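Work through the exercises below with the sequence and the structure open. Try each task before reading its solution.

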Amino acid sequence: MPTFTINGKEVKTEAGKTILQAAVANGVRIPHFCYHPHLSIDGCCRMCLVEVEKIPKLTIACNTPVTEGMVVRTNTEKVLKARKGVMEFQLINHPLDCPICDQAGECKLQQYTFEHGITHSRFREEKRPGRKRFKIGPRVVFDEERCILCRRCVRFCREVSKTGELAVFSRGDKSIINTYPGISLDNKYSLNTVDICPVGALTNADFRFQVRVWFLEETKAVCPGCSNNCSIRICHRRGKVYRLLPRKNMDVNKVWMCDNGRITHKQIETSNRLTVPLVKKGNKLEEVSWNEAFDTIAKGIQKIKNNEIGAIGSPHATNEECYLFNKLIKNVFNIKNDIECIVPSWEADDLLIKKEKAANPQGAREFGVKTNDTSSVKKIIKGNLKALYIIGNDIIDNSNTKQDVLQTLSKLDFLVVQDTHNSDLSSIANVVLPSATFAEKEGTFTNINGFVQKTNRAVPCPAKAKPDLEILSGVAKAMGRPFETIEPDKVMDEISKNVKSFKNICYEKLGETGIKINN
């Protein structure tokens with residue numbers, strides 16, 4: 001480990017690290033545009049110039065390796081003057097449209113202008129025109145005149161998504177970022193280019209002009225899109241979620257996130273959200289109080305023999321919800337039948353997207369729930385069942401079996417559906433219980449590789465909907481066997497004592513990136 005001096009302080013760093021990497025590791029801030037820790041080094045912006053003893057000229061920190069005894073200065077008069085010069089060149093063609101730019105408030109160019117820029121422009125010529133509001137892809141809008149040619153987006157498409165849609169065309173002052181002819185920026189990870197763009201050149205078509213970023217609150221959570229469980233930030237304001245952004249977790253998703261995962265927040269405010277408990281009276285579902293819904297379930301279940309009652313859990317439920325559902329079915333209902341779980345699937349890839357299109361099938365398996373794909377539905381619901389308690393509507397996800405499933409379920413004596421959204425399944429239920437989406441509850445998910453992460457509540461449930469833990473507790477209480485606790489952290493403590501793979505896992509140890517279970 002070489003020892004070097006930076007701004008008068010002697011520090012050690014790993015061999016092979018650049019000045020910029022070593023500076024960041026030791027809390028020294030060096031401004032930069034083109035450098036990104038998870039992309040190759042380009043060295044084109046020149047913003048990270050520093051002074052190194054025995055080197056006659058300023059050198060770029062992003063591509064200069066640290067050597068033993070090196071002396072680096074990052075804030076000398078010579079360095080600051082160079083930064084001002086770089087900023088002046090960056091702003092020559094950049095439009096003065098911060099008041100209407102989505103990136104305002106989280107823009108590196110804006111930030112560095114305040115810190116290192118000059119107070120006026122000496123440029124009197126016309127600014128170079130560029131394409132405005134250009135749909136460079138179905139989810140990304142390109143304002144070319146804002147582009148500073150840092151080439152981060154180009155490197156991302158070549159090195160991370162490996163789709164290579166973007167390149168720099170032409171030379172010198174005529175250089176532009178563009179897609180190859182006949183191609184658009186349409187890969188599964190295209191919105192990561194928006195995240196890494198240091199200015200407002202690439203923006204999210206869905207988020208444009210929705211809200212100023214400084215009004216947004218952020219809540220650390222887990223993406224519910226697939227069993228990879230990418231660490232995310234839920235950006236919300238006044239009970240509304242505006243966007244999901246990736247959060248750094250080197251064991252799970254590094255700093256990336258797929259485009260499909262980013263739009264999962266749209267499920268929260270759809271017109272078919274279930275918001276009140278419903279009970280079938282005659283041939284019609286009618287709104288009732290929660291107590292009446294719970295009492296109806298208790299009476300309905302108690303009329304049917306234990307071996308004629310089935311349960312289908314949800315791969316979207318948290319670990320705590322899976323555990324309490326198991327407890328409700330096995331201990332409260334005293335059902336001996338296995339708890340089944342239908343897991344929807346889609347096409348996986350080699351980067352982040354996993355085949356199981358649900359947040360917690362691995363967690364469900366840890367609690368003894370049998371996970372099946374949608375082709376197994378008919379097998380699960382055949383037999384002598386007269387009552388069924390279902391969480392979610394994955395059982396009708398397969399269009400090939402949907403009608404047969406609905407027809408079979410409609411013949412049951414008693415059907416309870418606990419779900420977030422109205423569906424053909426809830427329309428045939430005897431009792432419908434409105435539950436919370438991922439952004440409206442607290443708990444943990446276990447990803448396909450065994451990493452347990454905590455997700456946090458960002459917004460409240462709509463109307464009378466409740467988190468699943470409260471619903472399960474209400475049913476247990478109506479059955480005369482209430483749970484000891486439904487606090488997520490205390491439920492996890494109970495899980496840690498009773499489930500071998502979760503031994504020694506508790507909320508205090510999870511931190512922001514989670515820990516791996518003991519398989």
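**Exercise 1. A salt bridge between distant parts of the chain**

Task: In this predicted model, find the salt-bridge partner of arginine 139 and say where both residues sit.

Solution. Step 1: arginine 139 forms a salt bridge with aspartate 259, and their closest N and O atoms are 2.6 Å apart. Step 2: compare this with the cut-off, which asks for a side-chain nitrogen of Lys or Arg within 4 Å of a carboxyl oxygen of Asp or Glu. Step 3: place the two residues. Arginine 139 lies in the loop between strand S6 (134–135) and strand S7 (140–142), while aspartate 259 belongs to helix H6 (residues 259–262). The two are 120 residues apart, and the pair links distant parts of the chain. Step 4: put the pair in context. By the same rule, the count comes to 33 salt bridges. Side chains of opposite charge can pair when their charged atoms come close.

**Exercise 2. Domain 1 against domain 2**

Task: Describe the contact between domain 1 and domain 2.

Solution. Step 1: take the bounds from the domain assignment, which gives domain 1 (3–75), domain 2 (124–269) and domain 3 (278–516). Step 2: locate the first two relative to each other; the C-alpha centres of domain 1 and domain 2 lie 28 Å apart. The contact takes 11 residues from domain 1 and 14 residues from domain 2. Step 3: consider the area. The two domains bury about 1100 Å² between them, with 57% of it on carbon and sulfur atoms. Of the area that domain 1 buries against domain 2, Phe33, His38 and Leu39 supply 52%, more than any other three residues. Step 4: list the interactions. The rule finds two salt bridges across this interface, as well as six residue pairs in polar contact. Step 5: sort the residues on the side of domain 1 that touches domain 2: six are nonpolar, four polar and one charged.

**Exercise 3. A hairpin**

Task: How do strand S8 and strand S9 run, and how many bridges join them?

Solution. Step 1: S8 (residues 166–169) and S9 (residues 176–179) run antiparallel and are joined by four bridges. Step 2: match residues across the pair. Alanine 167 stands opposite asparagine 178, and phenylalanine 169 has isoleucine 176 as its bridge partner. Step 3: inspect the connection. S8 and S9 form a hairpin with six residues between them, and serine 170 in the turn has a positive phi of about 70°.

**Exercise 4. An open sheet**

Task: Which strands are at the edges of the sheet S22-S23-S24?

Solution. Step 1: three strands form this open sheet, with antiparallel pairing. Step 2: strand S22 (443–446) and strand S24 (515–516) each pair on one side only, which makes them the edge strands. Step 3: check one pairing. S22 and strand S23 (residues 451–455) pair over four bridges; phenylalanine 445 has glutamine 453 in S23 as its bridge partner.

Note on methods
Residues are numbered from 1 along each chain as its sequence is written. This is a predicted model: local features need pLDDT of at least 70, side-chain atom pairs count only at pLDDT 80 or more; totals for chains, interfaces and linings use all residues. Side-chain values use heavy atoms; hydrogens and water are left out. Domain bounds come from an automatic or database domain assignment. Contact means heavy atoms within 4.5 Å. Buried area is the accessible area (1.4 Å probe) that two parts lose on being put together, summed over both. A polar contact is a pair of N or O atoms within 3.5 Å; within protein, one must be able to donate a hydrogen and the other to accept it, and residues adjacent in sequence count only if both atoms are side-chain atoms. Ala, Val, Leu, Ile, Met, Phe, Trp, Tyr, Cys and Pro count as nonpolar, Asp, Glu, Lys and Arg as charged, and the others, Gly among them, as polar. Two strands pair if DSSP finds at least two bridges between them.
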